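Dear colleague,

I am passing on the structure below, followed by an account of what was found in it. Please keep the model open while you read, since the notes go through it element by element.

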Amino acid sequence: MQCLYKTLDLLPSATDNEIRSAYRRRALSTHPDKGGSAEAFRSVVSAFETLIDASKRAAYDKLRLRPRAPPSRDSRTVKTARQHACPTPKKRAAEPRPPPTKPPKVPEAPKPATNSPTMESDPVDHRQLFRRLLGMPRKKALKELEQLSEETLNAFAEFLDSEEAEQILCEPLVLALKDLPKPRKPRKPKARKKKSEKITKAKQKQPVNTDTPSAATAGAARPLLKGISRNRRDGSYQARICFNNFMTAAQYVNNLDVAVDIHISLVQMRQHAAASLAEGKEFGQVMHDAIEAIQKERATAGAVKLRLRFRSFFRNKFTRTEGNLDKAIQDWTRVRQEKDSFAGRVRGMEAERKQDETQKREARAARAAARMEQLRQMSERREAKLMARQRRQEALRRKRLAYARVKHGNLRTMILVLQTRFQKIRRKKMLKDWGVPELPEGLQLNSFQSADDSLCATLRLSDG
């Protein structure tokens, strides 16, 4: 943004007279009819209206003299600085690598053959057999045991008396009462649709500039530039100002210098009216006093008398242009009443909107609280179900353990029966090999392990 003092070619210590002279000079040089541009002329008018007003000038000087923060070095600046400081070396072209050489294969030594049966310690896994028998009915378990040899059966009987079998009994997955409750499959979280957060943004209406009427309602004198407009029919100029929804326009003049001088007088009139309004005076009396003061000042300076016309506007609605100030003030009063009523309606709508937002916020808070209470109750019910399930599982575990111990005892009984059967078979076979139907009374078969063993007789006397 260009400095306003530089726009008017002034020093910060310039007086009001110097500002008016500089504005007159710069306006004539930057006007489009004098070879300038409309944008430059607007900047000159804006600089003049700011610097000629004491309050606006003080605010601008305060803003201009405020110390500025040093510019932050962004990542691009740092990157470019590093590049200038230490340029990165260029990458060399990749050289072709020689193909990898595979090491020669060394023939493996032949593995020694292990055909001896003594390498295997035990062909039957007692742990797996015990788990399998616990899950079988009694008849099926008996058939499974009958298929074992006598040596394997004796070894399995010793295994049933060990602590390892007791540990297997306590395993919950092998207890043969009924299957454990199937674990519930974890529920897949439902993909919740993201509710688009409805951000109610109030439409940012562009502030209506109450000091500048629309260009379409200016009639034949369409305002092409700020403060001074040009009539397209005859090329004359008209100076105008807007203040508090009240537009004041001067007569048309053919000389641009005169139009600039009239614009300066109108700006002074606006400053006078603003100062009087700040003191609490009525708007009609303020405008009468300001116009009278400007007319006297121009008559003293020998300038052209102002023939003013007035018009009120609000929200792009304009009243009729009046040359009588009293009628124009009446129209302005009516427009101000409409503006106040409109402002009241806007405030009422804003209050209703805020009330609706408050009710919606409270409703959302109530729904959130109800949802939290519902979640708490659901959590309590879930915990109660979990405790009940744990109690049922513990009771089932104890029941299964008792049943498994019963089956363990049944297996030991079946093994004793099978061992007795093996002893009878071995006895009959040995007796057959000896060629006797039965051993004499007093002889025992405990010491006979094979047919080559000697007989051990036990004599009993008749008297004992």
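The protein has 12 helices and 5 strands, and please bear in mind throughout that the model is a predicted one. Of its 464 residues, 27% are buried. Among the contacts with a separation of 6 or more, 58% are between residues that stand 24 or more positions apart.

To begin with the strands, β2 (residues 237–243) is paired with strand β1 (residues 228–230) in an antiparallel arrangement that has 3 bridges, and within this pairing I228 has A239 of β2 as its bridge partner. The two strands make a hairpin in which 6 residues lie between them, and G235, in the turn, has a positive phi of about 75°.

Strand β2 is mostly covered, with 7 of its 7 residues buried. Its side chains go two ways, Y237, A239, I241 and F243 pointing to one side while Q238, R240 and C242 point to the other, and all of these are buried. This fits the general pattern, in which the side chains of a regular strand alternate between the two faces of the sheet.

Strand β2 also pairs with β3 (residues 246–249), again in the antiparallel sense, over 4 bridges, and here R240 has A249 of β3 as its bridge partner. In the hairpin that β2 and β3 form, 2 residues lie between the strands, and N244 takes a positive phi near 60°.

In β3 itself, F246 and T248 point one way and M247 and A249 the other way, and all are buried. Strand β3 pairs in turn with β4 (residues 309–314), in the antiparallel sense and over 4 bridges, with T248 standing opposite F310 of β4.

Turning to the helices, α4 (residues 54–64) has R57, Y60 and D61 among its residues as buried ones. These cover an arc of only 100° around the axis, which puts them on the same side of α4. An α-helix has 3.6 residues a turn, so residues three or four places apart point the same way. The buried residues of α4 pack against α1 (4–7), α2 (16–30) and α3 (38–51), whereas the face of α4 turned away from the buried side carries the exposed residues S55, K62 and L63.

The other helix contact to look at is that of α6 (residues 126–134) with α8 (residues 150–160), which pack at an angle of about 80° with their axes 11 Å apart. Because angles of 65 to 115 degrees count as roughly perpendicular, that angle makes α6 roughly perpendicular to α8. On the α6 side the contact is made by H126, R127, L129, F130 and L133, and on the α8 side by A155, F156, F159 and L160. By type, the residues of this contact divide into 7 nonpolar, 1 polar and 1 charged.

With best regards

Methods:
Residues are numbered from 1 along each chain as its sequence is written. This is a predicted model: local features need pLDDT of at least 70, side-chain atom pairs count only at pLDDT 80 or more; totals for chains, interfaces and linings use all residues. Side-chain values use heavy atoms; hydrogens and water are left out. Axes are lines fitted to C-alpha atoms, for helices over the stretch in contact, and angles run from 0 to 180 degrees between N-to-C directions. Angles under 35 degrees count as roughly parallel, over 145 as roughly antiparallel, 65 to 115 as roughly perpendicular and the rest as oblique. Contact means heavy atoms within 4.5 Å. Ala, Val, Leu, Ile, Met, Phe, Trp, Tyr, Cys and Pro count as nonpolar, Asp, Glu, Lys and Arg as charged, and the others, Gly among them, as polar. Buried means under 20% relative accessible area, exposed over 50%, partly exposed in between (1.4 Å probe, protein chains only). The arc is that of the directions from the helix axis to the C-beta atoms. Two strands pair if DSSP finds at least two bridges between them.
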